[in-house]
Amino acid sequence: RGGYEPVAEPDGTIRLRNCPFHALVEEHRNLVCGANLAMAEGITAATGAKNVLPVLDPQPDFCCVAIRASD
């Protein structure tokens, strides 16, 4: 209910359907999106996830971060 609600797209990109900090985005977009990106980078690094790359990719009705396959 209060989480990011990840969903995988057909191309393997993982998008986050929800941003728990959405109420802050309009006034503090750079801060919120930067924090979400840093968290996704930290999670992928800490878990040893390979061949994935968290990126900023704002899309309507989604969190600004997407996690894409990388080479």
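**Exercise 1. Find which residues line the second largest pocket, and sort them by class and by element.**

The second largest pocket is lined by Tyr4, Ile14, Leu16, Asn36, Met39, Ala40, Ile43, Thr44, Ala49, Val52 and Ile67. The model is a predicted one.

Step 1. Look up the volume: for the second largest pocket the value is about 190 Å³.

Step 2. Sort the lining by class. Nine of the residues lining the second largest pocket are nonpolar and two are polar, while none is charged.

Step 3. Sort by element. E2 and H1 are the elements that give two or more residues to the lining of the second largest pocket. The most comes from H1, which gives five residues.

**Exercise 2. Describe the largest pocket by volume, by central residues and by class of lining.**

Step 1. The volume of the largest pocket is about 230 Å³.

Step 2. This pocket is lined by 16 residues, and His22, Gln59, Asp61, Phe62 and Cys63 are the closest to its centre.

Step 3. By class, the lining of the largest pocket holds eight nonpolar, four polar and four charged residues.

**Exercise 3. Decide whether helix H1 is straight or bent, and list the residues it buries.**

Step 1. Compare spans. H1 has 25 residues, and a straight helix would reach 36 Å at 1.5 Å a residue. The end C-alpha atoms of H1 are only 25 Å apart, which is short of that value.

Step 2. Locate the bend. At histidine 28, H1 bends by about 130°.

Step 3. List the buried residues, taking buried as under 20% relative accessible area. In H1 these are Val25, Val32, Cys33, Asn36, Leu37, Ala40 and Thr44.

Step 4. Set this list beside Exercise 1. Asn36, Ala40 and Thr44 are among the buried residues of H1, and Asn36, Ala40 and Thr44 are also among the residues lining the second largest pocket.

**Exercise 4. Work through the salt bridge inside helix H1.**

Step 1. Recall the principle: side chains of opposite charge can pair when their charged atoms come close.

Step 2. Apply the cut-off of within 4 Å between a side-chain nitrogen of Lys or Arg and a carboxyl oxygen of Asp or Glu. Glutamate 26 and arginine 29 form a salt bridge, with their closest N and O atoms 3.4 Å apart.

Step 3. Place the pair on the helix. Glutamate 26 and arginine 29 are separated by about one helical turn because they lie three residues apart in H1 (residues 22-46).

Step 4. State the accessibility. Glutamate 26 is exposed, at 63% relative accessible area, and arginine 29 is partly exposed, at 40%.

**Exercise 5. Trace the salt bridges made by aspartate 57.**

Step 1. Take the partner arginine 15. In the salt bridge between arginine 15 and aspartate 57, the closest N and O atoms are 2.6 Å apart. This pair links distant parts of the chain, 42 residues apart: arginine 15 is in strand E2 (residues 14-16), and aspartate 57 is in the loop between strand E3 (52-56) and strand E4 (65-69).

Step 2. Take the partner arginine 68. The side chains of aspartate 57 and arginine 68 form a salt bridge at 2.5 Å, N to O. Here the pair is 11 residues apart, with arginine 68 in strand E4.

Step 3. Compare burial. Arginine 15 is buried, with a relative accessible area of 8%, and aspartate 57 is buried, at 13%. Arginine 68 is partly exposed, at 33%.

Step 4. Join the pairs. Salt bridges link Glu9, Arg15, Asp57 and Arg68 in a network. The count of salt bridges comes to four.

Notes
Residues numbered from 1 in each chain as written. Predicted model: local features only at pLDDT ≥ 70, side-chain atom pairs only at ≥ 80, totals over all residues. Heavy atoms only, no water. Helix = DSSP H or I, 4+ residues; strand = E, 2+ residues; numbered from the N terminus. Buried < 20%, exposed > 50% of the residue type's maximum accessible area, 1.4 Å probe, protein only. 1 Å grid on protein atoms, 1.4 Å probe; cavity = no way out; pocket = protein on both sides within 12 Å on 5 of 7 lines; lining within 4 Å. Points joined across faces, edges and corners; volume = space filled by probe spheres on them. Nonpolar A, V, L, I, M, F, W, Y, C, P; charged D, E, K, R; others polar. Expected span 1.5 Å × (residues − 1). Bend = angle between axes of the 7 residues up to and from the residue.
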